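Please write a short report on this protein model. Keep it brisk and suited to a first-year student.

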Amino acid sequence: MIHKLSLELSKEHPSYLWAKRQSDSVNALGHIGTHIDCYTASPKESEYELEAELIRCFNGMPEINEIEKRNIRGKALILYTDVLNKFEYGTKEYGEANTFLSETVLDYILSLEPKFILIDSCGIGNHGDEHIRFDKKCETNGCFVVENIFMNQTIAELITNIRIKIDISNPSTGKPCQVYAIAKS
């Protein structure tokens, strides 16, 4: 069974309207909805299918002890925070939800060599400089962060693989993508 995890934003959605009003609207449009930030590197392929490893982050972001026994090498690590289910995408509450990894935990995750980190929020680093620095650190380590995926408990229980389709030709530093969960029937 396949479940779509990427967000579809209408041209009337406040985030879409905001992006269109920006002086660099092409770049801004790449950074709304489900996307990958690509500041220094981009994924080499336009489509990936990988095994998924999911961590529930309902009571805060994971610490090293919650990751150390997991085999995530070459996989898609999903950080399921439930933020998108609690708050509407693009709202103040959604943007202010603390779904940010500590740098020590991020370094540890990257040492385990996942191919992608997916999160159902606006990112793994705090807004601004830290957000960009964390994304660049991931890119340097051959890992990319997919932001703003939709995840729910039913999908989380059954997910085995992730399929990611990336618009790598998009000129924005935000590459829109479509994400699908492949789940046990």
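The report below covers a central strand, the cysteines and the salt bridges.

## The model

This is a predicted model. Every value below is computed from its atoms.

## Strand 5 and its neighbours

Start with strand 5, residues 116-119. Which of its faces are covered? Both are. Phe-116 and Leu-118 lie on one side, and both are buried. Ile-117 and Ile-119 lie on the other side, and they are buried too. This fits a general pattern: in a regular strand, side chains alternate between the two faces of the sheet.

Strand 5 has a partner in strand 4, residues 76-80. The two strands run parallel and are paired over 4 bridges. In one of these, Ala-76 is matched with Phe-116 of strand 5. Strand 5 also pairs with strand 6, residues 144-147. That pairing is parallel as well, with 3 bridges. Here Phe-116 has Phe-144 of strand 6 as its bridge partner. How does the chain get from strand 5 to strand 6? It passes through helix 6, residues 129-140. This β-α-β crossover is right-handed.

## Cysteines without disulfides

How many disulfides does the structure hold? The count is 0. A disulfide is a covalent bond between the sulfur atoms of two cysteines. For this count, the two sulfurs must be within 2.5 Å.

Take Cys-38. Its closest cysteine sulfur belongs to Cys-177, 8.7 Å away, so the two are too far apart for a bond. Cys-38 is buried, with a relative accessible area of 7%. Now take Cys-143. Its nearest cysteine sulfur is that of Cys-138, at 4.7 Å, and Cys-143 is in no disulfide. Cys-143 is buried too, with a relative accessible area of 0%.

## Salt bridges

The model has 10 salt bridges. One of them joins Lys-4 and Glu-8, with the closest N and O atoms 2.6 Å apart. Are these two residues buried or exposed? Lys-4 is partly exposed, at 37% relative accessible area. Glu-8 is exposed, at 56%.

Another salt bridge joins Glu-113 and Arg-73, with closest N and O atoms 3.1 Å apart. This pair links distant parts of the chain, 40 residues apart. Glu-113 sits in the loop between helix 5 (103-111) and strand 5. Arg-73 sits in the loop between strand 3 (47-56) and strand 4. Glu-113 is partly exposed, at 39% relative accessibility. Arg-73 is exposed, with a relative accessible area of 59%.

## A network between two helices

Arg-133 and Glu-103 also meet in a salt bridge, at 2.8 Å from N to O. Where do they sit? Arg-133 is in helix 6 and Glu-103 is in helix 5, 30 residues apart. Both ends are partly exposed: Arg-133 has 39% relative accessibility, and Glu-103 has a relative accessible area of 29%.

This pair does not stand alone. Salt bridges with shared partners join four residues into one network: Glu-103, Asp-107, Arg-133 and Lys-137. Helix 6 also carries the chain from strand 5 to strand 6. Find that helix in the structure, then trace the crossover and the network in turn.

Terms used:
Residues are numbered from 1 along each chain as its sequence is written. This is a predicted model: local features need pLDDT of at least 70, side-chain atom pairs count only at pLDDT 80 or more; totals for chains, interfaces and linings use all residues. Side-chain values use heavy atoms; hydrogens and water are left out. Buried means under 20% relative accessible area, exposed over 50%, partly exposed in between (1.4 Å probe, protein chains only). Two strands pair if DSSP finds at least two bridges between them. A crossover is right-handed if, with the strands pointing away from the viewer, the path from the first strand over the helix to the second runs clockwise. A salt bridge is a side-chain nitrogen of Lys or Arg within 4 Å of a carboxyl oxygen of Asp or Glu.
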